[in-house]
Amino acid sequence: MTSPLLANIALSALDEYFHAQWQSLMSGKYQREKRRKTGTGNWRLVRYADDFVVLVSGPAHQAEVLREQVAEVLAPLGLRLSAEKTRVVHIDDGFDFLGHRIRRQRKRGTNKRYVYTRPSKKAVQAIKDRVSERTYRNTQNQSLAQLLTGLNRTLKGWAYYFHHGSAKRTFNTVDHHTWHRLAIWLRRKHGIPSSQLKRFCDQGWRFADGEIAFLGASSVMIERYRYRGARIPAPWTIESAAGTG
């Protein structure tokens, strides 16, 4: 088993390889446009620690070629691509990366297509499982305020990770699950029917205990991501283009 830290360090070789290839593509002012017009793929490597994805604007066979090139770069380092995690997919089919589901879809009410980023099914199930674990029978020794405080922290932390994507509906789904788990928890703890749950609420059907109220993932505002690549320093030194014109 390879350490993520060591894999991260080793993958700097992959960064250097793709950077060299990218510089080659950009050697001519209109090189990328020429490749696009001739049906030859353009690409970009996106990496975080030991997870990475290669985005290809071109035919599927070009993506297959790049996958083989990546395998060749990693082989001398004693690393290999995971057969389970490595796939070539179309953006319209979507793919999971770092807990996000990235897919191009038609915007509702229009014929325009956009790339949307949402929490993956695995990420949603994971947070639901954590909520369920925190509301099991063996947690009924704590007060409602203690439970709400812990759930709010967990859900807000999870939501902040995903709040740059199209996640509003997903946040509502997670909160809906949490509300029902809280209802079951209260009924079991106090031995009451559902009709008496209202006495544990402050606004409508929002559960609360004193000043502590259930906020959930929906309390985190969605802030759509804006591309900042031009302002984020690259891990390598890019020579200035000054004087080349």
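The following exercises, each with a worked solution, concern a predicted model of a protein chain.

**Exercise 1. Overall composition**

Determine how many helices and strands the protein chain has, and in what order the elements run.

Solution. Step one is the count: the protein chain holds seven helices and seven strands. Step two is the order, which from the N terminus on reads α-α-α-β-β-α-β-β-β-α-α-α-β-β. Step three turns to burial and contacts. Of the 245 residues in the protein chain, 30% are buried. Among contacts with a separation of 6 or more, 53% come from residues 24 or more positions apart.

**Exercise 2. The hairpin of E1 and E2**

Establish in which sense strands E1 and E2 pair, and which residue between them takes a positive phi.

Solution. Begin with the pairing: E1 (residues 42-48) and E2 (residues 51-57) are antiparallel, with seven bridges. Next, locate one facing pair: Arg-47 is opposite Phe-52 in E2. Finally, examine the turn. Two residues separate the strands of this hairpin, and Ala-49 has a positive phi near 55 degrees.

**Exercise 3. Helix H7**

Compare the span of helix H7 with its expected value, and identify what its buried residues pack against.

Solution. First, the span: H7 (residues 168-190) comprises 23 residues and extends 33 Å from first to last C-alpha, close to the 33 Å expected at 1.5 Å a residue. Second, the buried positions in H7 include Phe-171, Val-174, Leu-182 and Leu-186, and also the polar or charged residues Asp-175 and Arg-181. Third, the partners of the buried residues of H7 are strand E5 (113-119), helix H5 (121-134) and helix H6 (144-162). Fourth, just after H7, Gly-191 adopts a positive phi of about 60 degrees.

**Exercise 4. The surroundings of Thr-135**

Decide whether Thr-135 is buried or exposed, and list what its side chain and its neighbours contribute.

Solution. Thr-135 is located in the loop between H5 and H6. Its relative accessibility is 1%, and the cut-off for burial is under 20%, so Thr-135 counts as buried. A polar atom of the Thr-135 side chain lies 2.8 Å from the backbone oxygen of Val-131. Leaving aside residues up to four places away in sequence, Thr-135 touches Leu-147, Leu-151, Arg-181 and Trp-185. Of these, Arg-181 and Trp-185 are among the buried residues of H7.

**Exercise 5. Aromatic pairs**

Classify the pair of Tyr-161 and Phe-162, and then the pair of Trp-179 and Trp-205.

Solution. The whole structure contains five aromatic pairs. For Tyr-161 and Phe-162, the ring centres are 4.8 Å apart and the planes stand at 90 degrees; the pair is therefore edge-to-face. Tyr-161 is partly exposed at 45% relative accessibility, whereas Phe-162 is buried, with a relative accessible area of 4%. Trp-179 and Trp-205 also form an edge-to-face pair, with 6.3 Å centre to centre and 75 degrees between the planes. This pair links distant parts of the chain, 26 residues apart: Trp-179 belongs to helix H7, and Trp-205 to the loop between H7 and strand E6 (208-209). Trp-179 is partly exposed, with a relative accessible area of 22%, and Trp-205 is partly exposed at 45% relative accessibility.

**Exercise 6. Cluster and charge**

State which residues the ring pairs link into a cluster, and which residue lies over the face of Trp-205.

Solution. The cluster consists of Trp-158, Tyr-161, Phe-162 and Phe-171, linked by ring pairs. Over the face of Trp-205 lies Lys-198, at 4.7 Å from the ring centre.

How values were computed:
Residues are numbered from 1 along each chain as its sequence is written. This is a predicted model: local features need pLDDT of at least 70, side-chain atom pairs count only at pLDDT 80 or more; totals for chains, interfaces and linings use all residues. Side-chain values use heavy atoms; hydrogens and water are left out. Two strands pair if DSSP finds at least two bridges between them. Helices (H or I, at least four residues) and strands (E, at least two) are DSSP runs, numbered from the N terminus. The expected span of a helix is 1.5 Å times one less than its number of residues. Buried means under 20% relative accessible area, exposed over 50%, partly exposed in between (1.4 Å probe, protein chains only). Contact means heavy atoms within 4.5 Å. A polar contact is a pair of N or O atoms within 3.5 Å; within protein, one must be able to donate a hydrogen and the other to accept it, and residues adjacent in sequence count only if both atoms are side-chain atoms. Rings of Phe, Tyr and Trp (its six-membered ring) pair if their centres lie within 6.5 Å; planes under 30 degrees apart count as stacked, over 60 as edge-to-face and the rest as tilted. A charge sits over a ring if NZ of Lys or CZ of Arg is within 6 Å of the ring centre and within 35 degrees of the ring normal.
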